[in-house]
Amino acid sequence: MAVTASHPLLLLLLLSLRLLAVANGASKPLAYQTLVVTPLASPKPLLSEDADGDDENLASAVESETTLPSSSSLHVHLSHRDSVLADTTAAEQIFRLRLDRDAARVETLSQALAVATAPPAANVTGRRGFSSKVVSGLAQGSGEYFARIGIGTPARYVYMVLDTGSDVVWLQCAPCRRCYSQSDPIFDPRSSRSYAAVPCGAPLCRRLDVAGCDTRRRSCLYQVSYGDGSITTGQFSTETLTFRRSTRVSRIALGCGHDNEGLFVAAAGLLGLGRGSLSFPSQAGRRFGRMFSYCLVDRTSAGAPNRSSSVVFGGSAVPRSSARVAYTPMVRNPKVDTFYYVELMGVSVGGARVTGVLASDLRLDPTTGRGGVIVDSGTSVTRLARPAYQALRDAFKAGVSGLKLAPGGFSLFDTCYDLSGRTEVKVPTVVLHLAGGAAVSLPAENYLIPVDTKGTFCFAFAGTDSGVSIIGNIQQQGFRVVFDAEKSRVGFMPRGC
């Protein structure tokens, strides 16, 4: 008697063979894309800007989509902090320093979360001046990108660090008891008509994690300390900030630091972009709708004057054409209000989901506040919980064909290739799958990156055992990343610079 497909044993055999073929990728070839092999080069030197800070040649892709009055949005050009060293340090050494900063920053973020999620100590009373230590999300007192912002009235333009991992806005102020070297003159509040000290009992003072009181002047004092021992201390105040096109934002609470020590560099201070109540987006939310976006280009980009890193606050921060933006819901950590959490559901390599990247390993625990994935402007390399990273790395290595592995690794990278003598190569595609159906397809240059001038390229992900995973700025490059607190969502728009 002939055996037909209706025979139960045959059906089971056919089904098993089909599942095996799918598991081995036989039913669908891996998807690849081209990487143009460009060895590491020095970044462009720090940009010098006009005194009014208004460079009309710096255009944003978002501006071209939505033209709004300057009163409803702010547009700021960004410079990478590596440009401070461009004229004096070799490209490979600059990159090693960047990875060293990155490791320190991740450690600081981990410390901040550990402090916030630790069980409450017994017999803790209220604030005691500066006796308690606060660990900020900003490692080494400096993020990766600087913005040119006017402080006071009349405006004095300085470089300020932009950082989504911290809240308090601060800058160095005269008279300085201890100040580090910065590229612009130190701001003197006595020369500003809009400067005002915050009184000790004011609600703004009570929002600080560590606050004190100058009893003689009856003014609020602030302190922010960092995981590496860096610290800024001074008078908490309100001041006017001026952005491009002379757009002014008044009465922004900021720290006027008279004692600033540690590993700060070049910038005058920090513009916190976190979710906390003292961050700039939160303070300016009534006017600008609690929304901003940035687009970061490769720090070594040269010869492309129409591609500049920028940050936009207000209505035009959110692209009008939502079809180009992959949106995912913001996730709130009940223990920490600073960071922007998203839910990473999985990763595809070559068009196939990596089975070892489990959403359960990357999910935030709302009870303890541990775990989860944050989007961070100041961390360079994306970190994933170690089991997820190892599965991703192994899937990428399995999909790479004909590329020579470089001996050893490079700093925190354990998977590198020798691409010397090559002009372009084919690499498997990598896609991040976020909650809400958002799929972020990374360009090849966002995950296989040069680390020296000889043609060594490394897979730009790393593992972490700290609990929290981080989507870093190397993977964000070229996307306009939208932080829309009004609708509680984060968006990624490709080719957004």
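**Close-up views of a predicted model**

**View 1. Cys173 and Cys256 are joined in a disulfide, with 1.9 Å between their sulfur atoms.** The model shown in this and the other views is predicted. About the S-S bond of Cys173 and Cys256 the torsion is about -110°, so this disulfide is left-handed. The link connects distant parts of the chain, 83 residues apart: Cys173 belongs to the loop between β5 (170-172) and β6 (196-197), whereas Cys256 belongs to strand β10 (residues 248-261). Are these two cysteines buried or exposed? Cys173 is buried, and Cys256 is buried as well. The structure has 5 disulfides, and two others appear in the next two views.

**View 2. Cys200 is bonded to Cys213 through a disulfide, S to S 2.0 Å.** The torsion about the S-S bond of Cys200 and Cys213 is about 85°, so the disulfide is right-handed. Cys200 sits in the loop between β6 and α4 (203-206) and Cys213 sits in strand β7, so the bond ties together parts of the chain that are 13 residues apart in sequence. Cys213 has a relative accessibility of 40% and is therefore partly exposed, a class that runs between the limits of 20% and 50%.

**View 3. A disulfide connects Cys205 with Cys220, and their sulfur atoms are 2.1 Å apart.** This link is right-handed, with 80° about the S-S bond. It joins distant parts of the chain, since Cys205 is in helix α4 and Cys220 is in strand β8, 15 residues apart. Both Cys205 and Cys220 are buried.

**View 4. Strand β8 (residues 219-225) is largely enclosed by the rest of the structure, because 6 of its 7 residues are buried.** Strand β7 (residues 211-214) pairs with β8 in the antiparallel sense, over 4 bridges. Strand β9 (residues 231-242) also pairs with β8 in the antiparallel sense, over 5 bridges. Which residues stand opposite Leu221 of β8? Gly212 is opposite Leu221, and in β9 the bridge partner of Leu221 is Gln235. The hairpin of β7 and β8 has 4 residues between the strands, and Arg218 in this hairpin takes a positive phi near 55°.

**View 5. Asp163 and Asp376 carry the annotation "active site" in an unreviewed UniProt entry.** The two residues span 214 residues in sequence, yet their C-alpha atoms are no more than 7.7 Å apart, so they gather at one spot. Asp163 is found in strand β4 (residues 156-163), whereas Asp376 is in the loop between β19 (373-375) and β20 (382-385). Asp163 has a relative accessible area of 0% and is therefore buried. Asp376 is buried too, because its relative accessibility is 1%, and the limit for buried is under 20%.

**View 6. The side chains of Asp163 and Asp376 each reach a backbone nitrogen.** For Asp163 this is the nitrogen of Gly165, at 2.9 Å. For Asp376 this is the nitrogen of Gly378, at 3.5 Å. What does Asp376 contact beyond its neighbours within four places in sequence? Its contacts include Asp163, Thr164 and Gly165. Arg105, Leu109 and Tyr294 are also among them, as are Ile470, Ile471, Gly472, Asn473 and Gln476.

**View 7. Two peptide bonds that lead into a proline are cis: Thr153 to Pro154 and Ala174 to Pro175.** In the bond from Thr153 to Pro154, omega is near 0°. Pro154 lies in the loop between β3 (145-151) and β4. In the bond from Ala174 to Pro175, omega is likewise near 0°. Pro175 is in the loop between β5 and β6, and Cys173 of View 1 is placed in the loop between β5 and β6 as well. Most peptide bonds are trans.

**View 8. Arg251 and Arg495 have a positive phi although neither is a glycine.** Most residues other than glycine have a negative phi. The phi of Arg251 is about 55°, and Arg251 is located in strand β10. With a relative accessible area of 62%, Arg251 is exposed. The phi of Arg495 is about 50°, and Arg495 is found in the segment after β31 (489-493). Arg495 has 68% relative accessibility and therefore counts as exposed, the limit being over 50%.

Methods. Residues numbered from 1 in each chain as written. Predicted model: local features only at pLDDT ≥ 70, side-chain atom pairs only at ≥ 80, totals over all residues. Heavy atoms only, no water. UniProt positions renumbered as here; feature names shortened; annotations may be inferred. Helix = DSSP H or I, 4+ residues; strand = E, 2+ residues; numbered from the N terminus. Buried < 20%, exposed > 50% of the residue type's maximum accessible area, 1.4 Å probe, protein only. Polar contact = N/O pair within 3.5 Å; in protein donor to acceptor, adjacent residues only side chain to side chain. Contact = heavy atoms within 4.5 Å. Pairing = 2+ DSSP bridges. Disulfide = S-S within 2.5 Å.
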